[in-house]
Amino acid sequence: MREKFRRFMIGRYGTDGLNQFLSILSLVLILLALLTKNSFLTLLGLIPLVLCYYRSLSRNISKRTEENYQFYSIKDRISNKFKGLQDQWANRKLYHYYRCPQCRQKLRVPRGRGRIQISCPRCGTQFIRKS
């Protein structure tokens, strides 16, 4: 039986990070549907599951690889945003964070210096803020 499955999967994509995410999302939605007795959530939970199986059994490996790459780029962008916020929260007693009014660049200024003139390194705009 294992050998038959192995032969069946030859040339097919298999599983990756996006498939794992879709499986977990499906599981969470179906569990929520069971707890709330909402049939719409059941249907919503089956969609990622069907998509996961479709991707696993697909023979278009280059397309599935590109989808996985896009998933990881979005995931990395979101995790980097939260990491930046986590670092900002950890350093809140040492630094103030301001945005440049011209280019919206985030600037870090040490606390306890009074009113200071801040220069944006990206666009050169100068503005005064309390540190």
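Which residues does Y98 touch, leaving out those up to four places away in sequence? The list runs Q105, K106, L107, V109, I118, F127, R129, K130 and S131. Keep in mind that this is a predicted model. Below is a quick tour of the hairpin, the core that includes Y98, and a buried serine in a helix.

**The β1–β2 hairpin**
- Strands β1 (residues 95-99) and β2 run antiparallel, with five bridges joining them.
- Across the pairing, R99 sits opposite K106 in β2.
- Six residues lie between the two strands of this hairpin, and R104 takes a positive phi near 70° there.
- Side chains alternate along β2 (residues 106-110): L107 and V109 point to one face and are buried.
- K106, R108 and P110 point to the other face of β2 and are not buried.

**The nonpolar core**
- Seven residues make up the largest nonpolar core: Y98, C100, L107, V109, I118, C120 and F127.
- The two buried β2 residues, L107 and V109, are both members of that core.
- Y98 is a core member too, and its contacts include L107, V109, I118 and F127.
- Y98 also reaches K106, whose side chain points to the face of β2 that isn't buried.

**S56 in helix α3**
- You'll find S56 in helix α3, which covers residues 39-57.
- S56 counts as buried because its relative accessibility is 13%, and the cut-off is under 20%.
- Its side chain makes a polar contact with the side chain of N19, at 3.0 Å.
- Beyond four places in sequence, S56 touches M9, R12, Y13, G14 and N19.

Notes. Residues are numbered from 1 along each chain as its sequence is written. This is a predicted model: local features need pLDDT of at least 70, side-chain atom pairs count only at pLDDT 80 or more; totals for chains, interfaces and linings use all residues. Side-chain values use heavy atoms; hydrogens and water are left out. Helices (H or I, at least four residues) and strands (E, at least two) are DSSP runs, numbered from the N terminus. Buried means under 20% relative accessible area, exposed over 50%, partly exposed in between (1.4 Å probe, protein chains only). A polar contact is a pair of N or O atoms within 3.5 Å; within protein, one must be able to donate a hydrogen and the other to accept it, and residues adjacent in sequence count only if both atoms are side-chain atoms. Contact means heavy atoms within 4.5 Å. Two strands pair if DSSP finds at least two bridges between them. A nonpolar core is a set of buried Ala, Val, Leu, Ile, Met, Phe, Trp, Tyr and Cys residues joined through side-chain atoms within 4.5 Å.
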